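Colleague: Please take a close look at the charged side chains in this model, and put them in the setting of the rest of the chain. I am new to this, so give the cut-off for each term as you go.

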Amino acid sequence: MAAKASRAAFGEALIELGARDERIVTLDADLAKSTMTTGFAKKFPSRAFDVGIAESGMIGLAAGLALTGHVPFACSFACFLVGRFETIRVSVAYSDAPVKLGGTHVGVPIGEDGNTQMGLEDIACLRSLPNIPIVQPADEIETKQAVAYAVEHAGPIYLRLTRQNLEPVHEAGYRFQFGRADVLRPGNDVSILTTGGPVWNTLEAAGKLAAEGIHAEVINVATIKPLDDEAILRSAGRTGHVVTVEDHSIPAALGGAVAELLGEVMPTPLKRIGVTTFGESGDAKGLYARHGLDPDGIAATVRKFLAR
């Protein structure tokens with residue numbers, strides 16, 4: 001299976017699902033080519049709505065469609081979509097409207113567009129709302145299954161999607177389970193919890209550490225909210241050390257959620273790897289390296305953490 005951006009897999013899944021389910025509609029704010037919903041719009045033009053540069057209006061329209069029996073996917077860059085937090089809070093969350101929010105171009109590796117286009121705070125915002133789950137798939141197969149799940153999910157849900165291609169980390173027989181983390185590599189020395197774009201790099205880092213005698217358990221946390229508490233606590237109890245790796249500002253995202261869980265239930269040494277500054281322009285590979293999210297950077301941080 002070739003590498004593919006999760007936004008591309010998202011667009012393909014919408015076409016496949018839309019052919020079988022006429023309830024599905026898409027909404028965009030002048031970014032359909034970037035969110036990859038153009039294919040759906042061409043195939044089902046009467047079920048695709050581009051509202052122009054008006055994300056708040058798009059979210060409100062999506063809420064109305066959701067409350068009248070449709071399955072709307074409201075899509076934009078994550079920074080612009082979740083930037084309309086007040087509308088999501090009232091029209092979607094408070095109203096419990098089953099809107100499917102699709103935020104693309106997440107994290108630092110979106111390229112030369114720079115910080116203004118990067119979704120680096122979206123998880124933190126939406127984690128504060130009580131009824132919007134957050135799902136961030138790690139590759140094509142997981143993305144398509146997560147989109148199919150979102151269609152049937154009874155309430156609102158947020159899908160966090162990449163611009164950059166993602167190397168496959170799952171076998172063809174993998175089955176996404178909402179709220180369940182999956183172990184990609186077993187280990188006993190440290191638990192590394194990762195999600196979305198950096199999953200492949202984390203696996204590569206684990207390989208480097210294994211060559212030094214450090215056996216890391218790598219866990220893909222596709223569902224960031226709600227967390228798979230049982231799987232995380234089981235792994236942490238076995239290894240005694242936890243590291244989180246994510247392409248997002250560190251506070252209040254995966255690392256924050258794991259810190260809250262461990263702090264309340266089972267205090268465990270924890271190191272959080274993520275973005276600690278505003279983003280910047282640059283190529284995806286270089287930006288991952290600059291922020292310590294490349295294989296060498298992840299391995300170095302884990303090595304230093306275990307040596308403390």
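Modeller: The answer below starts with the salt bridges, then turns to an unpaired charge, the surface and some backbone details.

This is a predicted model, in which local features need pLDDT of at least 70 and side-chain atom pairs count only at pLDDT 80 or more, while totals for chains, interfaces and linings use all residues. Residues are numbered from 1 along each chain as its sequence is written, and side-chain values use heavy atoms, with hydrogens and water left out.

The structure holds 15 salt bridges; a salt bridge is a side-chain nitrogen of Lys or Arg within 4 Å of a carboxyl oxygen of Asp or Glu. One of them joins Glu140 and Lys4, with N to O at 3.2 Å. Its two ends come from distant parts of the chain, since Glu140 belongs to helix H8 (residues 140-152) and Lys4 to strand E1 (residues 4-5), 136 residues apart. Helices (H or I, at least four residues) and strands (E, at least two) are DSSP runs, numbered from the N terminus. Glu140 counts as buried because its relative accessible area is 12%; buried means under 20%, exposed means over 50%, and partly exposed lies in between, with a 1.4 Å probe and protein chains only.

Helix H8 also supplies Lys144, which forms a salt bridge with Glu12, the closest N and O atoms being 2.9 Å apart. Glu12 lies in helix H1 (residues 6-18), so this pair ties together parts that are 132 residues apart in sequence. Glu12 is partly exposed because its relative accessible area is 28%.

A further salt bridge is made by Arg23 and Asp21, at 2.7 Å from N to O. Arg23 is partly exposed at 35% relative accessibility, whereas Asp21 is buried at 14%. Through shared partners, salt bridges connect Lys4, Glu12, Glu16, Glu140 and Lys144 into one network.

Now for a charge without a partner. Asp228 is buried yet has no salt bridge; Arg180, the nearest side chain of opposite charge, is 4.1 Å away. Here Lys and Arg count as positive and Asp and Glu as negative, with His and the chain ends not counted. The side chain of Asp228 does reach the backbone nitrogen of Ala231, at 3.2 Å. That is a polar contact, a pair of N or O atoms within 3.5 Å; within protein, one must be able to donate a hydrogen and the other to accept it, and residues adjacent in sequence count only if both atoms are side-chain atoms. Asp228 sits in the loop between strand E12 (223-225) and helix H10 (229-239). Pro226 lies in the loop between E12 and H10 as well, and the peptide bond leading from Lys225 to Pro226 is cis, with omega near 0 degrees.

Next comes the surface. Lys271, Arg272, Lys304 and Arg308 form a positive surface patch. Patches are made of residues with over 30% relative accessible area and no salt bridge, where like charges are joined within 9 Å and nonpolar side chains (Val, Leu, Ile, Met, Phe, Trp, Tyr) within 5 Å. The place of a charge is taken as NZ of Lys, CZ of Arg, CG of Asp or CD of Glu. Accessible areas come from the Shrake-Rupley method with a 1.4 Å probe, and for residues only the protein chains shown count as cover. Within the positive patch, Lys304 belongs to helix H13 (residues 295-306) and counts as exposed because its relative accessibility is 66%.

A nonpolar surface patch of about 200 Å² is made by Phe49, Val51 and Leu61. Leu61 is in helix H4 (residues 55-66) and is partly exposed at 36%.

Another charged residue, Glu171, lies in the loop between strand E8 (165-166) and strand E9 (182-185). Glu171 is exposed because its relative accessible area is 65%. The C-alpha atoms of Glu171 and Met1 are 9.1 Å apart, although the two residues are separated by 170 residues along the chain.

Two backbone angles remain. Asp96, in the loop between helix H6 (85-94) and E5, has a phi near 50 degrees, which is a positive value in a residue other than glycine. Asp96 is partly exposed at 42%. Ala252 has a positive phi too, near 70 degrees, and lies in the loop between strand E13 (242-249) and helix H11 (254-265). Ala252 counts as partly exposed because its relative accessibility is 30%.
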